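Work through the exercises below with the model open. Try each task before reading its solution.

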Amino acid sequence: MDLEFKGRRVLVVGGSYGIGLASARQMSVEGADVAIVSRSAGNLQTAADEIATAAGRAPRQFVCDVTAADAGAQLAQWVSAEWGGAIDAVVTAVGGSIRSAFADLTDEDWIGNYTFNVLSTVRTIRALLPHLSAGQAASIVMLGAAASKMPYQHQIVSNVHKAGLLGLNKTLAAEFADKGIRCNLVAPGRTLTPLWINRATKMSQEEGRSVEDILADFSKDIPLARFGTADEIARMVVWLSSPCASYITGQAINVDGGIARGLL
Ligand SMILES: NC(=O)c1ccc[n+]([C@@H]2O[C@H](COP(=O)([O-])OP(=O)(O)OC[C@H]3O[C@@H](n4cnc5c(N)ncnc54)[C@H](OP(=O)(O)O)[C@@H]3O)[C@@H](O)[C@H]2O)c1
């Protein structure tokens, strides 16, 4: 199936490793003109080398911390200078959780995690809106979490903020439809990226158990009985970002091995 990515301009925020990198690599292999964004020039170069090996062409790179107040202005300025205007797709893959009981979380924890998951996404989309409006079959895909439909214990901040992204996604899909921009959300379950590898490593040190043991425990309530891979999540991100998904907007699609048990 031709996903119609040839020449398509795609910006992946959080594209230096994990689900963002897998998405950027797959779209580059499909022929897209990809730019990856993260906080670290070193991580971006490592990712660019991996993408160049897979796709035969290195992606564009931009260092930007999307939790910074001026991140939107930085992104818009860079896109104008680099591409001269229109882009066709944006993926926002920055976010995460704090593992904690409710009583132990401070205002700073709440505000910090809101900025990390929600405000970074809002700023990115707002800054790039004029560029997407000028694009072809334009698409936004934001990364949410299966936890937004089935809250996990001890992850209350991201349960709340990823649920906020469901509202953002649905609202923007309706508001942007007449600009020709589709807006969708991919909700991963537990996925073996640096995010989870770091979490399991920390738990292993705290609990004196092996990382393998911890991952096996967290696989028990997943119907498919294992963590997902970044590539498995990315395949949905890529498809929704492609013109092949032309009649899909406002959807929040789980790629989670069946962990979220709700009917809807
Ligand atoms: N993995 C899971 O199990 C899972 C489950 C549910 C939802 N999700 C969601 O899926 C998305 C991607 O997750 P992931 O597992 O791929 O995460 P990850 O492994 O932590 O990768 C995050 C990416 O974002 C970049 N990044 C982090 N903070 C940034 C900032 N302030 N500004 C710019 N870039 C930043 C990182 O690069 P640098 O360090 O180079 O900046 C990296 O490229 C997140 O929204 C996450 O909440 C993941």
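**Exercise 1. Find where the ligand sits relative to the two domains.**

Start with the shell. Domain 1 (9-189 + 229-255) and domain 2 (192-227) both give residues to the shell around the ligand, so the ligand lies between them. The domain bounds come from an automatic or database domain assignment. This is a predicted model: local features need pLDDT of at least 70, side-chain atom pairs count only at pLDDT 80 or more, and totals for chains, interfaces and linings use all residues. Residues are numbered from 1 along each chain as its sequence is written.

Next, list the shell. It holds 27 residues, and the closest are G14, G18, R39, G95 and T193. A residue is near the ligand if its C-beta atom, placed from the backbone, lies within 6 Å of it. The elements giving two or more residues are α1 and α6 (194-207). Helices (H or I, at least four residues) and strands (E, at least two) are DSSP runs, numbered from the N terminus.

Last, sort by class. The shell has eleven nonpolar, 13 polar and three charged residues. Here Ala, Val, Leu, Ile, Met, Phe, Trp, Tyr, Cys and Pro count as nonpolar, Asp, Glu, Lys and Arg as charged, and the others, Gly among them, as polar.

**Exercise 2. Describe how domain 1 meets domain 2.**

Take the centres first. Over C-alpha atoms, 25 Å separate the centres of the two domains. Then count contacts, meaning C-beta atoms, placed from the backbone, within 7 Å. Eight residues of domain 1 touch six residues of domain 2. The domain 1 side divides into three nonpolar, four polar and one charged.

**Exercise 3. Which element gives the most to the largest nonpolar core?**

Define the core: buried Ala, Val, Leu, Ile, Met, Phe, Trp, Tyr and Cys residues joined through C-beta atoms within 7 Å. A residue is buried if 20 or more other C-beta atoms lie within 10 Å of its own, exposed if 12 or fewer, and partly exposed in between. The largest core has 61 residues. Those with the most contacts inside it include L11, V90, V186 and V237. Helix α8 gives the most, with seven residues.

Now look at α8 (residues 230-241). Its twelve residues reach 16 Å from first C-alpha to last, close to the 16 Å expected. The expected span is 1.5 Å times one less than the number of residues. Its buried residues include I233, M236, V237 and L240. Their cover includes β1 (9-13), α1 (18-29), β4 (89-92) and β6 (181-188).

Finish at V186. Leaving aside neighbours within four places in sequence, V186 contacts I233, M236, V237 and L240, among others.

**Exercise 4. Which residues of α5 are buried, and what covers them?**

Helix α5 (residues 156-176) has 21 residues and reaches 30 Å, close to the 30 Å expected. Buried are I156, V157, S158, H161, K162, L165, N169, L172 and F176. An α-helix has 3.6 residues a turn, so residues three or four places apart point the same way. The cover includes α4 (107-133), β5, β6 and β7.

For one distance, take G112, which is in α4. Its C-alpha is 9.7 Å from that of V157, 45 residues apart along the chain.

**Exercise 5. Is H154 buried, exposed or partly exposed?**

Locate H154 in the loop between β5 and α5. Count 13 C-beta neighbours inside 10 Å: H154 is partly exposed. Check the backbone too. H154 has a positive phi of about 65° although it is not a glycine. Most residues other than glycine have a negative phi.

Terms used:
Two residues are in contact if their C-beta atoms, placed from the backbone, lie within 7 Å.
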